[in-house]
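Student: Please take a close look at one part of this structure, and then work outward from there to its wider setting. I would like a connected account rather than a list.

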Protein chains: 2
Amino acid sequence: MPATIKDVAERAGVSLKTVSRVINHEASVQDGTRARVQKAIEELNYRPDLSARSLRSARNYALGLVYDNPNPYYIIAVQNGALSVCREMGFGLQIHPCDSTAPKLAQELTDLVHRSRLAGLVLAPPMSEDPKLIRHLAKAGVHFVRILSAAEDPDDGYPCVFVDDRDAAYDITEHLIQLGHTRIGFLWGGEEHRSSPERYKGYADALQDYGIAQDKKLIVKGDYSFDDGFRGARKLLALKEPPTAIFGSNDEIAAGVLAAAKSAGMDVPFDLSIAGFEDSPFSKQSWPALTTARQATDEISRHATRLLIAQLQKNGRFEVHNEGFSPELVVRGSTAPPRPRK
Amino acid sequence: MPATIKDVAERAGVSLKTVSRVINHEASVQDGTRARVQKAIEELNYRPDLSARSLRSARNYALGLVYDNPNPYYIIAVQNGALSVCREMGFGLQIHPCDSTAPKLAQELTDLVHRSRLAGLVLAPPMSEDPKLIRHLAKAGVHFVRILSAAEDPDDGYPCVFVDDRDAAYDITEHLIQLGHTRIGFLWGGEEHRSSPERYKGYADALQDYGIAQDKKLIVKGDYSFDDGFRGARKLLALKEPPTAIFGSNDEIAAGVLAAAKSAGMDVPFDLSIAGFEDSPFSKQSWPALTTARQATDEISRHATRLLIAQLQKNGRFEVHNEGFSPELVVRGSTAPPRPRK
């Protein structure tokens with residue numbers, strides 16, 4: 001017979017409530033007590049997943065993760081963050097990449113939840129940022145949490161983790177300006193992601209604050225992909241007055257810019273400074289490594305998943321609130337002062 | 001009321017069996033008939049997922065995907081391949097990255113299947129290649145399919161899709177030899193993956209066939225990761241007689257070699273030829289793009305998933321057999337003849 005939470009409580013000499021607190025990683029347990037409970041859990045080979053039984057619907061053991069993103073590193077980080085919390089809490093994780101522009105997406109997600117009996121959904125951008133979709137899911141009784149791009153808590157009654165892309169994009173642009181760049185190209189990410197206009201706004205605000213006039217020719221629309229970075233950079237580098245620095249809205253775009261610069265025989269960062277966004281593993285591995293903004297995608301996803309589970313366990317077992325994250329500027333070898341004008 | 005398979009058959013004027021064949025993508029349906037059925041499915045908004053109800057256990061709607069791999073591109077390709085079949089057939093997909101060396105892995109996977117009520121598991125390497133684990137799962141009544149590295153069907157009674165890594169590694173090494181290289185470094189992948197000794201064997205066989213003596217100093221052990229590629233290359237390039245070409249056992253390793261070469265100021269491919277394995281998106285995006293072996297990971301995963309579902313639906317709805325895949329040599333800019341000796 002597998003050990004129960006009662007066995008653990010007896011062996012550790014504590015109350016059921018304390019064991020439950022340890023299992024749920026609540027802060028209110030003293031270190032010594034926590035260690036005793038963890039030892040008992042180990043010795044009895046107790047599986048905390050059984051604690052999921054206390055959920056209102058004992059039949060829903062899995063969460064769904066919904067995303068639409070061309071960047072494998074981002075996807076893996078979101079998955080791993082969600083999974084780590086699912087495992088602690090005894091949930092499985094179903095993945096559901098989808099097409100954010102599909103006309104029947106709301107129905108697709110509602111069907112998914114019912115058919116696979118999911119306890120709730122973690123919604124990544126851009127689905128998380130579509131107010132119509134959100135209202136539809138809420139109306140259909142689907143539990144969810146959102147990961148979205150915003151400078152502050154939208155405070156709209158639906159749970160979320162929000163990432164201040166604008167602020168970080170400002171920092172990157174400021175870094176380039178302080179190096180001496182005034183002709184700074186900007187490559188947009190996918191417009192259906194709210195992070196795209198937010199990052200653009202950070203770029204535009206920094207230029208304005210430093211009194212640099214925007215040149216529309218230096219701004220190119222595209223998607224969050226390597227190919228769009230490559231194409232966008234080729235376009236910018238072919239200008240009569242090309243930029244001396246290019247800020248790609250994510251690291252994939254920046255990687256495309258890097259490839260375009262190298263294929264044009266340019267020496268990065270001396271002929272062209274390049275910055276990305278996200279701090280994906282690629283940004284450390286490219287040559288030169290990319291200046292970027294460190295976005296703690298796995299931690300963001302972990303927090304979102306905790307928030308969803310807290311919602312499902314509304315019996316007050318533990319409390320988690322909306323939280324904001326601010327990506328941090330990371331300066332690496334791909335940015336340098338521009339060559340002096342001849 | 002949602003449309004049934006019977007409604008579709010009536011509207012299309014065909015038998016139930018024909019509709020089922022179309023849903024299951026069997027080849028035996030004529031194109032005109034197939035189009036008629038698909039039109040009826042669309043018009044009636046029929047959801048083929050309901051067909052999953054005919055499974056013996058109507059409660060298990062999800063499959064599990066089990067992997068342990070440091071390469072995001074590989075993981076995403078395996079996930080997407082499995083997902084595409086799951087969607088056709090009305091299954092959800094739970095992901096389960098794990099530690100292949102965990103002592104209680106068999107128990108972990110059996111627990112996973114029971115707790116999440118999974119209909120079966122798609123096992124990626126190296127779990128798929130561990131005979132003890134496989135026997136344990138079979139004994140526990142877990143349905144599974146394996147993706148593994150082998151030159152031929154192991155024909156051991158358990159379903160699998162096998163990939164001939166050895167043959168493809170031979171082709172890559174032969175390509176380097178034919179360019180004129182005789183000092184060819186080899187960087188191993190993780191030893192718990194059977195693909196690692198298989199790829200090594202392809203390398204060793206090609207050297208032998210071309211009468212080139214192996215130099216143990218040119219062979220470095222490591223994992224399937226960028227960092228191990230970087231480290232391994234630094235070691236090889238520091239030799240008194242360094243190699244003129246390096247074959248990394250996957251594209252991540254080769255990317256690490258490329259970074260090491262560039263950080264040493266080398267001009268690739270003229271100072272050093274580099275080849276990888278897998279044809280991951282990165283291999284096309286690096287500068288220069290990598291010579292590699294195209295491994296159709298998504299198609300391999302699709303076939304494996306079909307094979308698992310065929311097993312679950314043993315009522316003869318459709319038949320799928322073990323199948324072998326051979327990665328194909330793709331020559332790109334990272335390989336060239338060695339510089340003439342002075």
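Tutor: B:Cys98 counts as buried, since its relative accessible area is 9%, and everything said here about it and its surroundings refers to a predicted model. A natural point to settle is whether its sulfur is bonded or free. The closest cysteine sulfur to that of B:Cys98 belongs to A:Cys86, on the other chain, and it lies 16 Å away, which is too far for a bond. A disulfide would need two cysteine sulfur atoms within 2.5 Å. B:Cys160 can be read alongside it: this residue is also in no disulfide, with the sulfur of B:Cys86 as the nearest cysteine sulfur, at 19 Å. B:Cys160 is buried as well, at a relative accessibility of 0%. For the whole structure, a search over all chains finds zero disulfides.

Another buried residue of chain B is B:Ser249, whose relative accessible area is 0%. B:Ser249 sits in the loop that runs between strand 8 (245-248) and helix 10 of chain B. A polar atom of the B:Ser249 side chain is 2.7 Å from the backbone oxygen of B:Leu187. If residues up to four places away in sequence are set aside, B:Ser249 touches B:Leu187 together with B:Phe186, B:Trp188, B:Gly189, B:Arg199, B:Tyr224 and B:Phe277.

The wider setting is the interface between the two chains, where 36 residues of chain B are in contact with 36 residues of chain A. Together the two chains bury about 3,200 Å², and 57% of that area is on carbon and sulfur atoms. As for polar interactions, the rule finds seven residue pairs in polar contact across the interface, both residues of each pair being at pLDDT 80 or more, while the count of salt bridges between chain B and chain A is zero. Helix 10 (251-263), the helix that follows the loop of B:Ser249, is among the elements that give two or more residues to the side of chain B that touches chain A; the others are strand 1 (62-67), helix 4 (72-89), strand 2 (92-97), helix 5 (105-115) and helix 11 (281-285). Of these, helix 4 of chain B gives the most, with eight residues. By residue class, the side of chain B that touches chain A divides into 15 nonpolar, 11 polar and 10 charged residues.

Methods. Residues numbered from 1 in each chain as written. Chains lettered and ligands numbered in written order. Predicted model: local features only at pLDDT ≥ 70, side-chain atom pairs only at ≥ 80, totals over all residues. Heavy atoms only, no water. Contact = heavy atoms within 4.5 Å. Buried area = accessible area lost by both parts, 1.4 Å probe. Salt bridge = Lys/Arg side-chain N within 4 Å of Asp/Glu carboxyl O. Polar contact = N/O pair within 3.5 Å; in protein donor to acceptor, adjacent residues only side chain to side chain. Helix = DSSP H or I, 4+ residues; strand = E, 2+ residues; numbered from the N terminus. Nonpolar A, V, L, I, M, F, W, Y, C, P; charged D, E, K, R; others polar. Buried < 20%, exposed > 50% of the residue type's maximum accessible area, 1.4 Å probe, protein only.
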